[in-house]
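Me: I should like to go through the assignments in this structure and ask what each of them rests on. Please set each value against its criterion.

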There are 4 protein chains.
Amino acid sequence: MIPYGGRVKAVERFLEAAVYGYIADKEEYLRRLRRIEGQLRGLQRMVEEERYCIDILTQVTAATKALHAVALGLLEGHIGSCVADAVAAGGPEGRDKVKEAADAIGRLLQA
Amino acid sequence: MIPYGGRVKAVERFLEAAVYGYIADKEEYLRRLRRIEGQLRGLQRMVEEERYCIDILTQVTAATKALHAVALGLLEGHIGSCVADAVAAGGPEGRDKVKEAADAIGRLLQA
Amino acid sequence: MIPYGGRVKAVERFLEAAVYGYIADKEEYLRRLRRIEGQLRGLQRMVEEERYCIDILTQVTAATKALHAVALGLLEGHIGSCVADAVAAGGPEGRDKVKEAADAIGRLLQA
Amino acid sequence: MIPYGGRVKAVERFLEAAVYGYIADKEEYLRRLRRIEGQLRGLQRMVEEERYCIDILTQVTAATKALHAVALGLLEGHIGSCVADAVAAGGPEGRDKVKEAADAIGRLLQA
């Protein structure tokens with residue numbers, strides 16, 4: 001039988017695992033996504049007003065940069081929590097989580 | 001004094017220059033940008049609902065891909081109209097327009 | 001029959017078209033590519049010496065950046081010569097050249 | 001004084017840490033890097049022979065893609081070994097390793 005301390009530890013791990021890396025900064029992520037949503041509305045205004053192509057492109061690039069920053073933040077949180085926990089727990093799940101994260105980075109590079 | 005034919009030509013050029021490459025597809029660009037704006041709202045819902053990091057990342061990647069497609073469309077229109085016209089007209093303005101477009105591509109690559 | 005001046009013009013265009021945008025800077029491009037080739041040899045040495053992953057990654061990133069700079073230079077030269085000439089000449093070839101360049105940019109973005 | 005078991009553990013960790021994620025596939029990485037080095041020599045030949053800009057660009061894109069694949073492999077190995085070990089060991093070093101990996105991904109995205 002697992003001693004009391006061990007069970008508390010196990011429950012703690014379970015609760016931690018349920019809390020993804022980004023949740024602690026949830027409000028910050030929502031704020032950033034709302035800001036990018038605003039950039040998308042600004043882009044629509046620029047197209048409506050028939051603004052110069054390169055000026056629109058510059059804003060598209062700014063929105064892309066902001067999305068990349070969100071992606072990097074999510075990845076950092078994910079690697080530091082879900083992935084690290086899974087690798088520490090040992091077994092094939094750790095390898096799977098690492099592969100899943102690397103695949104996500106690969107898709108982002110090719111977006 | 002510029003002869004009549006020359007003035008007609010100049011007015012034509014001015015009107016062409018005022019119509020940027022993307023304007024013919026203005027509604028299509030607005031539709032695409034509205035769709036990406038919707039993806040940004042979807043992302044906020046995912047964060048609110050504390051969805052799995054990798055699922056959120058997948059959506060961030062999809063929005064980035066859609067923004068890149070908009071950027072490529074704008075570039076194609078821009079090169080085929082503003083840049084080509086400026087180069088055809090000769091003089092330093094052509095070189096400047098090519099440089100401006102290349103710089104925009106460079107910033108997009110590094111976004 | 002095409003008058004003499006027109007034929008000279010046509011021959012000039014042909015010769016220009018045969019000289020791609022990058023040829024004027026051929027030596028500079030060769031120098032840059034040799035340098036990236038050297039970075040690739042340096043990377044092999046780092047792997048042989050079992051250097052730290054992140055240090056190797058930093059060098060891979062530097063080589064990628066240098067390749068992107070070469071690509072941007074080629075694109076700038078290409079748009080300012082082949083593409084602009086084809087658009088100026090009018091007809092469907094201009095549109096094709098613009099499309100070809102935009103596709104190349106798209107592939108580079110997704111590399 | 002650290003008990004015997006603790007010291008064995010510490011030595012094991014040190015040895016593990018010395019074996020980076022990519023070492024198991026060292027020959028594969030060397031083979032891939034040699035291949036990209038060959039692509040760089042091929043690019044020099046193309047420039048010497050004054051080949052068409054877009055054909056050269058296509059090869060630059062292929063080399064970039066191959067470098068990205070190497071980078072992703074290195075990252076996957078790194079996250080699954082160095083980063084995961086550091087996070088599992090607890091303390092600030094884990095957070096530092098995650099940050100270091102995220103920064104490397106960020107630099108790669110902006111290359």
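Me: To begin just beyond helix H3 of chain C, what phi does C:Gly90 take?

Reply: The model is a predicted one. In it, C:Gly90 follows directly after H3(C) and has a positive phi of about 75°.

Me: How do you know that the length of helix H3 of chain C agrees with its number of residues?

Reply: The helix covers residues 53-89 of chain C, 37 residues in total, and at 1.5 Å a residue it should span 54 Å. Its end C-alpha atoms lie 52 Å apart, which agrees with that expectation.

Me: Where does H3(C) bend, and by how much?

Reply: The bend is at C:Ile79 and amounts to about 40°.

Me: What makes H3(C) mostly covered?

Reply: Of its 37 residues, 26 are buried, a term that requires under 20% relative accessible area.

Me: How do you know which relation connects chain A and chain B?

Reply: Chain A is superposed on chain B by a rotation of 180° with 0.0 Å of shift along its axis, at an RMSD of 0.0 Å. That is the relation of a two-fold axis.

Me: Why is it said that these copies meet through the same surface?

Reply: Of the interface residues of chain A, 100% are also interface residues in chain B, so the two copies meet through the same surface.

Me: Why is the contact of A:Glu50 with B:Lys26 called a salt bridge?

Reply: The N to O distance between their side chains is 2.9 Å, and the criterion asks for a Lys or Arg side-chain nitrogen within 4 Å of an Asp or Glu carboxyl oxygen. The pair crosses between chains: A:Glu50 is in the loop between helix H2 (26-48) and helix H3 (53-88) of chain A, while B:Lys26 is in helix H2 (residues 26-48) of chain B.

Me: Are these two partners buried or partly exposed?

Reply: B:Lys26 has a relative accessible area of 16% and is therefore buried. A:Glu50, at 33%, counts as partly exposed.

Me: What makes A:Arg51 and A:Glu49 a salt bridge?

Reply: Their closest N and O atoms are 3.5 Å apart, and the limit is 4 Å. A:Arg51 is partly exposed at 36% relative accessibility, and A:Glu49 is partly exposed at 49%, where exposed would require over 50%.

Me: Where do D:Lys99 and D:Asp103 lie?

Reply: Both belong to helix H4 (residues 92-109) of chain D, four residues apart, which is about one turn of the helix. Their side chains meet in a salt bridge of 2.9 Å, N to O.

Note on methods: Residues are numbered from 1 along each chain as its sequence is written. Chains are lettered from A and ligands numbered from 1 in the order in which they are written. This is a predicted model: local features need pLDDT of at least 70, side-chain atom pairs count only at pLDDT 80 or more; totals for chains, interfaces and linings use all residues. Side-chain values use heavy atoms; hydrogens and water are left out. Helices (H or I, at least four residues) and strands (E, at least two) are DSSP runs, numbered from the N terminus. The expected span of a helix is 1.5 Å times one less than its number of residues. The bend at a residue is the angle between axes fitted to the seven residues ending there and the seven starting there. Buried means under 20% relative accessible area, exposed over 50%, partly exposed in between (1.4 Å probe, protein chains only). Copies are superposed by least squares on the C-alpha atoms of residues with pLDDT of at least 70 in both. Contact means heavy atoms within 4.5 Å.
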